[in-house]
Amino acid sequence: MSHDFKGAVALVTGSGRGLGRMIAQGLLESGAHVALHDINENAPAQYGESASLTALADEFSKTGGQSGVKCIAVTGDISREADVVAMVARTEAGLGPISILINCAGGDIGAAGGKPKPNGALDISLEDATAVMNRNFFGTMLMCRAVVPGMAARKKGAVINFGSLNGHVGVSPEVVYGCAKAAIIHYTRCLALEMREHGVRVNAISPGPTTTARFLATRQTDPDKMGGASLDRYATPAEITSTALFLASDQSGFISGQVLRVDGGMTLFAA
Ligand SMILES: NC(=O)c1ccc[n+]([C@@H]2O[C@H](COP(=O)([O-])OP(=O)(O)OC[C@H]3O[C@@H](n4cnc5c(N)ncnc54)[C@H](O)[C@@H]3O)[C@@H](O)[C@H]2O)c1
């Protein structure tokens with residue numbers, strides 16, 4: 001499916017690496033100006049995907065997109081309101097008003113970095129639980145609060161939030177991460193309702209396990225799930241990217257308040 005994002009301005013959080021990076025590249029290739037974002041300059045190097053955020057923006061500016069598209073780098077912690085406000089201002093000063101917001105930043109990362117340990121419903125520390133909620137739910141909410149009012153005033157915009165299968169079914173461990181993703185999914189519905197009259201669409205994607213560099217580096221993977229004809233496998237980053245581009249594009253112009261589980265049918269239930 002090809003898209004035409006000419007003239008669009010996109011901010012993709014957490015796009016120094018992983019899913020966000022591929023989505024940002026897809027937007028650039030389809031004509032959007034893109035602000036790459038990460039928590040700091042070094043995050044893209046953590047799993048070997050790029051030397052730094054600025055190096056990636058330079059690479060994408062030269063080779064990543066259609067001619068004439070701009071790609072800039074902005075850093076900041078999405079769970080800190082002052083950072084969020086500053087990076088949105090930097091994006092709009094450099095590229096113009098944001099018309100596409102992709103809230104990809106997040107993960108099951110505790111207060112000290114790395115997964116919380118322990119990570120169950122009763123034993124996770126309050127410090128880790130707070131860090132996970134901040135990094136996922138409150139970070140997504142702060143980004144929406146900084147960007148969506150401008151979209152509403154301009155009567156134009158598409159927001160895509162990132163949930164997870166963990167936000168739809170009971171899980172253990174990663175309980176608070178699942179709660180944060182469930183909160184993002186419900187916030188998506190509520191914000192979509194508030195934005196109906198303003199013509200701003202708000203949707204979410206819940207990926208199944210997906211072979212990003214971080215995913216591959218942080219677990220023992222099952223070789224039988226790496227590919228093949230069966231849908232009982234891991235998703236590729238390209239499969240999540242194509243869904244994000246569809247939800248950002250006019251091809252989904254009457255879809256709002258929805259969450260797409262992109263998991264090869266791993267979770268099959270109503271709603
Ligand atoms: N890969 C999967 O299997 C999978 C499955 C379900 C959901 N997801 C979700 O998809 C999104 C992308 O995942 P990924 O696999 O590409 O992971 P990733 O770790 O490669 O990318 C996440 C990005 O978010 C950034 N980030 C984290 N906390 C931040 C903060 N407080 N402020 C600013 N940036 C921050 C990280 O630095 C990183 O660049 C995440 O929200 C994740 O929860 C991924």
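Helices and strands here are DSSP runs, helices of at least four residues and strands of at least two, numbered from the N terminus. With that naming in hand, welcome to the tour; the model on your screen is a predicted one.

**Stop 1: the ligand**

Select the ligand and show the residues around it. Which residues come nearest? Of the 28 residues around the ligand, they are Arg17, Asp38, Tyr177, Thr210 and Arg214. Colour this shell by class and you will find 11 nonpolar, 11 polar and 6 charged residues.

Now look for the polar contacts, beginning with Arg214. An N or O atom in the side chain of Arg214 is 2.7 Å from an oxygen atom of the ligand. Next, select Cys104, where a backbone N or O atom lies 2.9 Å from a ligand oxygen atom. Then move on to Ile78: here a backbone N or O atom lies 3.0 Å from a nitrogen atom of the ligand. Switch on a surface for the protein to see how the ligand is covered. On its own the ligand has 820 Å² of accessible area, and the protein covers 96% of it.

**Stop 2: the largest pocket**

Where does the ligand sit? The ligand is in the largest pocket. To see what surrounds the ligand, highlight α1 (18–29), β2 (33–38), α5 (175–195) and α6 (213–217), the elements that give two or more residues to its shell. Keep them highlighted, since α1, β2, α5 and α6 each also supply at least two residues to the lining of the largest pocket.

The space in this pocket comes to about 1300 Å³. Its lining is made up of 49 residues, and those nearest the centre are Gly106, Gly107, Asp108, Tyr177 and Arg214. Two of these names, Tyr177 and Arg214, are familiar from the residues that come nearest to the ligand. By class, the lining of the largest pocket holds 20 nonpolar, 19 polar and 10 charged residues.

**Stop 3: the second largest pocket**

Leave the ligand and select Ile100, Lys156, Ala248, Ser249 and Asp250. These are the closest to the centre of the second largest pocket, among the 15 residues that line it. What is the volume of this second largest pocket? It is about 270 Å³. Its lining divides into 5 nonpolar, 5 polar and 5 charged residues.

**Stop 4: unusual backbone spots**

Some background helps here: most residues other than glycine have a negative phi, and most peptide bonds are trans.

Begin with Pro118, in the loop between β4 (100–103) and α4 (126–154). The peptide bond that runs from Lys117 to Pro118 is cis, with omega near -5°.

Follow the chain along α4 and stop at Lys155, in the loop between α4 and β5. Lys155 is not a glycine, yet its phi is positive, about 60°.

Continue to the loop between β5 (157–162) and α5, where you will find Pro173. The peptide bond from Ser172 to Pro173 is cis, with omega near 0°. Select Glu174 too, as it lies in the loop between β5 and α5. What is the phi of Glu174, positive or negative? It is positive, at about 60°, although Glu174 is not a glycine.

To finish, bring the ligand back into view alongside α5, one of the elements that give residues to the shell around the ligand.

Conventions. Residues numbered from 1 in each chain as written. Predicted model: local features only at pLDDT ≥ 70, side-chain atom pairs only at ≥ 80, totals over all residues. Heavy atoms only, no water. Near = heavy atom within 4 Å. Polar contact = N/O pair within 3.5 Å; in protein donor to acceptor, adjacent residues only side chain to side chain. Areas by Shrake-Rupley, 256 points an atom, 1.4 Å probe, with all protein chains shown as cover. 1 Å grid on protein atoms, 1.4 Å probe; cavity = no way out; pocket = protein on both sides within 12 Å on 5 of 7 lines; lining within 4 Å. Sits in = over half its atoms within 2 Å of the grid points. Nonpolar A, V, L, I, M, F, W, Y, C, P; charged D, E, K, R; others polar. Points joined across faces, edges and corners; volume = space filled by probe spheres on them.
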